[in-house]
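Here's a quick walk through a model you can load up and poke at. Have the sequence and the coordinates side by side as you read.

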Amino acid sequence: MRGLRAIARVAREIREDVAAARDRDPAARGIGTFEIVATYPGVHALLTHRISHALHSAGIRVLPGVIAYTSRTATGIEIHPAARIGSEFFIDHGAGVVIGETAEIGDRVTLFQGVTLGGTGFATGKRHPTVQDNVTIGSGAKLLGPITIGHGAKVGANSVVIHDVPPNSTVVGNPGHPVRVDGRRPEGPDTDWLHLPDPVADALKGLADRITQLEHLVADLTGTSPERPADVTPLRRDQGQHPAGG
């Protein structure tokens, strides 16, 4: 009876994963379920992980690891059989994704290629990230250690995150800096990577503005004319919402 319940759960999770791929990948919306199952490595990796995780949870040894190794060889995606993954999970492209043994992933999470949910050092116990619901993690991002990525957060491409991330925030940079976009961000996956905030540039602009204010104060005290403020040309111009954004 327990085995039948496990099979039913795995089948339901696979259906949800396929639906998530169709919903979040524009290229998948015009193709059938069979083509998604047959050609998407992220779906292949998840399908085999659902099976290996069920076997691992049942106390079966060796076989879950063999399944995980075979999946990594075929897809380039490495997911430890013990990792806990929620429903409607989507890995886009997927090459180079690594999900460690004690990682925990909530519902409706999206990962892009090259993402690592890894550990630090040789400690035992909980040593991999916990990713809560509705999180989007960009290409090449590295999340290291037993940190928590809050509900609805967004991690920019190539960010290195080693501290907890607050809910509904965006993280950019190395090391990652949590920032907020208009105080909050909408629910669901958002892949508008062109318009991520830049906390370092914001800090430099604040310093430049402060220096300009001080120069005007000094000019008033000395009776001289302040120097003309330097022109600051942004490296990335705002061109409106990117069509791929959520």
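## A loop serine

Let's start at S87, which sits in the loop between β2 (84–85) and β3. Keep in mind that this is a predicted model.

Is S87 buried or exposed? The residue has 16% relative accessibility, and buried means under 20%, so S87 counts as buried. Leaving aside residues up to four places away in sequence, S87 touches E16, R50, G106, D107 and R108.

## The whole chain

Zooming out, the protein has five helices and 15 strands. Of its 246 residues, 37% count as buried. The accessible surface comes to about 13,800 Å², and carbon and sulfur atoms own 59% of that area.

If you like contact maps, look at the contacts with a separation of 6 or more: 40% of them are between residues 24 or more positions apart.

## An open sheet

β3, the strand at one end of the S87 loop, turns up again in an open sheet of six strands. Reading across, the order is β3-β6-β9-β12-β14-β15, with mixed pairing. The edges are β3 (90–91) and β15 (177–179), each of which pairs on one side only.

Further into that order, β12 (residues 154–155) and β14 (residues 170–172) run parallel, joined by two bridges. For a spot to click on, try K154, which stands opposite T170 in β14.

## Two nonpolar cores

In soluble globular proteins, nonpolar side chains tend to be buried together. Here, the largest nonpolar core has 28 residues. Which of them have the most contacts inside the core? They are F89, I99, L117, V131, I137, L143 and I149. Another core lies apart from that one; it has eight residues, including A28, I36, Y40 and V43.

I149 is a handy place to center your view of the 28-residue core. Not counting residues up to four places away in sequence, I149 touches T130, V131, Q132, V135, L143, V155, V161 and V165. Two of these, V131 and L143, are also on the list of residues with the most contacts inside the core.

## Greasy side chains outside

Some nonpolar side chains are on the surface instead: I60, V62, L63 and V66 form a patch there. Together they have about 350 Å² of accessible area.

Take L63 from that group. It lies in helix α4 (residues 63–75). How does its accessibility class come out? L63 is at 42% relative accessibility, so it counts as partly exposed; the exposed label needs over 50%.

How values were computed
Residues are numbered from 1 along each chain as its sequence is written. This is a predicted model: local features need pLDDT of at least 70, side-chain atom pairs count only at pLDDT 80 or more; totals for chains, interfaces and linings use all residues. Side-chain values use heavy atoms; hydrogens and water are left out. Patches are made of residues with over 30% relative accessible area and no salt bridge: like charges are joined within 9 Å, nonpolar side chains (Val, Leu, Ile, Met, Phe, Trp, Tyr) within 5 Å. Accessible areas come from the Shrake-Rupley method with a 1.4 Å probe; for residues, only the protein chains shown count as cover. A salt bridge is a side-chain nitrogen of Lys or Arg within 4 Å of a carboxyl oxygen of Asp or Glu. Helices (H or I, at least four residues) and strands (E, at least two) are DSSP runs, numbered from the N terminus. Buried means under 20% relative accessible area, exposed over 50%, partly exposed in between (1.4 Å probe, protein chains only). Two strands pair if DSSP finds at least two bridges between them. Contact means heavy atoms within 4.5 Å. A nonpolar core is a set of buried Ala, Val, Leu, Ile, Met, Phe, Trp, Tyr and Cys residues joined through side-chain atoms within 4.5 Å.
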